[in-house]
Amino acid sequence: MNVITQAVTVSRGGILDDSAIVIEVHDLGGGEFVKISQPAAEETNWVGIDADEWPTIRAQINKMFADIKRRDG
C-alpha cells in the first residue's frame, strides 16, 4: 500500500493519546482514497469524532481531496 500523504490530529494528549486520529491518502494502483484511523484506540474498526474535533479533521480531509483533484488534473 502506497501512502501519499499523512496527517495526525491530536485534541487532548500527545501523538500516542487515544484521541490521535490519523488521516492518510493511499493509492493501491486503482486510484487514491482517504483512510481515517485511530490506531491507539481500543477499538480500531471505527472512529469516534467529537464535534469540537471535526473542524480540524474536515480541514485535513478537504485538503487531501483537493490534492487528489489537483494531481488528477
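How far apart are the end C-alpha atoms of helix 1, and which span should its 19 residues have? Here are some friendly notes to help you find your way.

1. This is a predicted model, where local features need pLDDT of at least 70, side-chain atom pairs count only at pLDDT 80 or more, and totals for chains, interfaces and linings use all residues. Residues are numbered from 1 along each chain as its sequence is written, and side-chain values use heavy atoms, leaving out hydrogens and water.

2. Helix 1 covers residues 54-72, and at 1.5 Å a residue it should span 27 Å; its end C-alpha atoms are 27 Å apart, which agrees. The expected span is 1.5 Å times one less than the number of residues. Helices here are DSSP runs (H or I, at least four residues), as are strands (E, at least two), numbered from the N terminus.

3. Ile-57, Ile-61, Met-64, Asp-67 and Ile-68 of helix 1 are buried, meaning under 20% relative accessible area, with exposed being over 50% (1.4 Å probe, protein chains only). These buried residues pack against strand 1 (2-9), strand 2 (21-27) and strand 3 (32-37), with contact meaning heavy atoms within 4.5 Å. On the other side of helix 1, Lys-69 and Arg-70 are exposed.

4. Do have a look at Glu-24, which sits in strand 2. The side chain of Glu-24 makes polar contacts (N or O atoms within 3.5 Å, one able to donate a hydrogen and the other to accept it; residues adjacent in sequence count only through side-chain atoms) with the side chains of Gln-6 (2.5 Å) and His-26 (2.8 Å).

5. Helix 1 is followed by Gly-73, with a positive phi near 65°.
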